[in-house]
Amino acid sequence: MNLRQLRYFIKIVEARNMTRAAEHLNLAQTALGLQVKNLEKELGVSLIERHSRGVSVTEAGRLFYERVVAIQHAIDSAVEEVRHSASITLAPVYVGLTPSIVSMLGAELFAMNVRTHETISVKFIEALSFNLVAAMLRDELQFALAFNVPRTAGISRSALLEEKLFFITPPDWGNNGEPIAFEDVITTDLALLSRQDIIWNVVHETAEYLSLEVNVAFEVQSTSAIKTLVERGVGTSVMPYGGVEEEVSRGILAARPIDNARAIRTLYLIEPQTAGHTPHSDAARRLIRGFANSYAERLGTHKTLLKAIDD
């Protein structure tokens, strides 16, 4: 049982509807339902009952809700008191995150930041992975979660997980969620980002390994433009699931995992090699590892952990 599950349960009870609660939490409904089932399994009781009009709370659920709300209020008060009583103002920690991580976690990022028990101030920088590496080399970032980071002088990296890449199509193509061979993906009219982008490199390096050609019909400058092309049936794409989770859940796009061991990207926690350990920096490390844990949970079976993220 963790604070995130308790927060989710509070929102379900207050919204009395799984869909509305999931939208408010910026979370997939299936993921929210799984969290509740895990909570009920741990407690050994049923907390909510689903019906056509939404959800209703059981007697056990009502009692649990009252206790959990009291706990949440106590935690919020403790956080505010600690921050108010801090005698010094600490310099902000600058944390870099990729657009797909920000898109998948959304408001949860800021909720985790607000609810941290440490007196730290975090500023988020959103950018593609190669730009995050460049920013760290310019001393503009203290930490970042970035993908496929090469060995770079001055930067320490720790591989956290491998994430499958997906073939993105209009929904009327069918077979949403079913694996597809890499060879079949690269013959379609692909829309990809620039040649500096990780996905571009993974696709082309995999094709080169297999001695195949890639059909890039559109070299596009933004992820949103790619999604528009795919939605209109003009092209297809290769993206991480986090980048299209919302559109897939709304039925605007379809996503199929690519059945090839090389069609993956690796998530790293990076920081300057000169970074030391202080209560301030260690608190920031714990926070960003919490982000990585949440991201891994949302990916579900589409990822492989390379190490325990909260080590």
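Pro150 is exposed in this predicted model. Its relative accessible area is 52%, and the cut-off for exposed is over 50%. Pro150 belongs to the loop that links β5 (143–147) and β6 (155–169). Val133 is 17 residues away from Pro150 along the chain, and the two C-alpha atoms are separated by 9.4 Å.

Strand β5, which precedes this loop, is largely enclosed by the rest of the structure, because five of its five residues are buried. Phe143, Leu145 and Phe147 point one way from β5. Ala144 and Ala146 point the other way. Side chains in a regular strand alternate between the two faces of the sheet. Both sets of β5 residues are buried.

Strand β5 pairs with β3 and with β12. Strand β3 (residues 93–97) runs parallel to β5, and three bridges join the two. Within this pairing, Gly96 has Ala144 of β5 as its bridge partner. Strand β12 (residues 264–272) runs antiparallel to β5, with four bridges between them. Here Leu267 of β12 stands opposite Phe147.

Phe147 also takes part in a contact between a charge and a ring. Arg265 lies over the face of Phe147, 3.4 Å from the ring centre. A second arrangement of this kind involves Arg262 and Tyr209. The charged end of Arg262 sits over the Tyr209 ring, 3.4 Å from its centre.

Five aromatic pairs were found in a search of the whole structure. One of them joins Phe167 and Trp173 in an edge-to-face arrangement. The ring centres are 6.2 Å apart, and the planes make an angle of 65°. The two partners differ in exposure: Phe167 is buried, at a relative accessible area of 2%, whereas Trp173 is partly exposed, at 45%.

The protein as a whole contains twelve helices and 13 strands. Of its 311 residues, 47% count as buried. The accessible surface comes to about 15700 Å², and carbon and sulfur atoms contribute 50% of that area. Among contacts with a separation of 6 or more, 75% are between residues 24 or more positions apart.

The mean pLDDT of the protein is 85, and 89% of the residues score at least 70. Confidence is highest in helix α8 (residues 182–185), at a mean of 96. Helix α6 (residues 107–115) has the lowest confidence, at a mean of 64. Where pLDDT is low, predicted coordinates should not be read in detail.

Definitions and conventions:
Residues numbered from 1 in each chain as written. Predicted model: local features only at pLDDT ≥ 70, side-chain atom pairs only at ≥ 80, totals over all residues. Heavy atoms only, no water. Buried < 20%, exposed > 50% of the residue type's maximum accessible area, 1.4 Å probe, protein only. pLDDT = per-residue confidence, 0-100. Phe/Tyr/Trp six-rings, centres within 6.5 Å; stacked < 30°, edge-to-face > 60°. Lys NZ or Arg CZ within 6 Å of the ring centre and 35° of its normal. Contact = heavy atoms within 4.5 Å. Areas by Shrake-Rupley, 256 points an atom, 1.4 Å probe, with all protein chains shown as cover. Pairing = 2+ DSSP bridges.
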